[in-house]
Amino acid sequence: MNGRKVINALFWAACIGCLAVVVVPTLWMLIEVIGRAVPVFHLSVLTENTRGNGGGLRNAIIGTAVLGLGVLLVGGTVSVLTGVYLSEFAGGRTQSILRGAYEVLAGVPSIVLGYVGYLALVVFFHWGFSLAAGVLTLSVLAIPYITKATESSLSQVPTSYREGAEALGLPIGWTLRKIVLKAAVPGIVTGMLVALALAIGETAPMLYTAGWSNSAPTGELTHSPIGYLTYPIWTFYNLPSKSARDLSYDAAFLLIVFVLLLILVGRLITWLSRRHSESN
């Protein structure tokens, strides 16, 4: 009994230690960023565009939101359709090849994707630094994560749902839309938001494809550099100007707020979908 108690204590100590390895650096980062950003934060950061190494971050905030929306529309659509195909229709060698392809894509460094995007979109197709180039590059980065989440969520839907619908003579498309996808919504949404948080936190791919602009997005897809929050974090932090460093702290703080909002939205959507399914 004493030996079992010792092993049990060691096991829980190891679990707590592993948890601390994850939680402590995260809390330290949050406290450090918030502690530096809050004292220098002012409302003009939200209402003014960046001017040189100072000003505000209005252009970067809008640009980040537009890039995120573009990733959801482009990458989310492609990923969900791919995940549905892999889970419901593909089989054998085709399924293995497609699954292996997106797993390999998930392991490609983001800076490599950015360089490929630069060569293909900015140079070869003559799009220049632009919104379209940035969105497509970030979408490629997000596709493996959303596809995996979609496929996994659909595979966890009980087979009895599909069998019951088939026994009632319901069309496959109707069953997929009204029954299977509804049950898988929480997992798909979670995968989308995790991939979106990873995408908007990238800097290297954006430097190669989106460039940087001190103005808010104009709506043009090509030849239109765009601002984003990770640029001032990476560029302004090491500058000697105090206003530039303060702006980098503010950008880091806003990016954390942006990610937290994504998490809250994901929780809300998951709660609403589960409540709706329970009421039905």
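A good place to enter this structure is R51, which forms a salt bridge with E48, the closest N and O atoms being 3.1 Å apart. Here a salt bridge is a side-chain nitrogen of Lys or Arg within 4 Å of a carboxyl oxygen of Asp or Glu. Side chains of opposite charge can pair when their charged atoms come close. R51 counts as exposed at 55% relative accessibility, while E48 is partly exposed at 30%; buried means under 20% relative accessible area, exposed over 50%, and partly exposed in between (1.4 Å probe, protein chains only).

The model is a predicted one, in which local features need pLDDT of at least 70 and side-chain atom pairs count only at pLDDT 80 or more, whereas totals for chains, interfaces and linings use all residues. Residues are numbered from 1 along each chain as its sequence is written, and side-chain values use heavy atoms, with hydrogens and water left out.

Confidence comes next. The mean pLDDT of the protein is 87, and 97% of its residues reach 70 or more; pLDDT is the predictor's confidence in each residue, from 0 to 100. Among the helices, helix α7 (residues 159–167) has the lowest confidence, with a mean of 81, and helix α5 (residues 110–124) the highest, at 93. Helices (H or I, at least four residues) and strands (E, at least two) are DSSP runs, numbered from the N terminus.

The UniProt record helps with orientation along the chain. In an unreviewed entry, it places the feature "domain: ABC transmembrane type-1" at residues 61–266. UniProt positions are given in the numbering used here, feature names are shortened, and annotations may be inferred rather than shown by experiment. In the model, the span 61–266 is 78% helix and 0% strand, and its end C-alpha atoms lie 20 Å apart. The unreviewed entry also lists "transmembrane region" at residues 9–31, 60–85, 97–118, 124–146, 179–201 and 251–272. One of these, residues 97–118, is 86% helix and 0% strand, with end C-alpha atoms 27 Å apart. Another, residues 124–146, is 74% helix and 0% strand, with 28 Å between the end C-alpha atoms.

Back to the charged pairs: the whole structure holds 5 salt bridges. One of them joins the side chains of E88 and R162, at 2.8 Å from N to O. Because E88 lies in helix α3 (residues 58–89) and R162 in helix α7, this pair ties together parts that are 74 residues apart in sequence. E88 is partly exposed, at 25% relative accessibility. In another salt bridge, E151 meets R99, and their closest N and O atoms are 2.3 Å apart. This pair also links distant parts of the chain, with E151 in helix α6 (residues 131–155) and R99 in helix α4 (residues 92–106), 52 residues apart. E151 is buried at 8% relative accessibility, whereas R99 is partly exposed at 26%.

Aromatic rings give a further set of contacts. Rings of Phe, Tyr and Trp (its six-membered ring) pair if their centres lie within 6.5 Å; planes under 30 degrees apart count as stacked, over 60 as edge-to-face and the rest as tilted. By this rule the count comes to 12 aromatic pairs. One is made by F124 and F125, whose ring centres are 5.1 Å apart and whose planes meet at 85°, so the pair is edge-to-face. F124 is exposed, with a relative accessible area of 59%, and F125 is partly exposed at 47%. W212 and Y228 also form an edge-to-face pair, because their ring centres are 6.0 Å apart and their planes stand at 85°. Both residues lie in the loop between α9 (204–209) and α10 (230–236), so the pair ties together parts that are 16 residues apart in sequence. W212 counts as buried at 19% relative accessibility, and Y228 is buried at 2%. In addition, Y115, Y118, F129 and Y208 form one aromatic cluster.

What of the cysteines? A search of the whole structure finds 0 disulfides, a disulfide being a pair of cysteine sulfur atoms within 2.5 Å. For C15, the closest cysteine sulfur is that of C18, 6.7 Å away and therefore too far for a bond. The reverse also holds, as the cysteine sulfur closest to that of C18 is in C15. C15 is partly exposed, at 32% relative accessibility, and C18 is exposed, at 52%.
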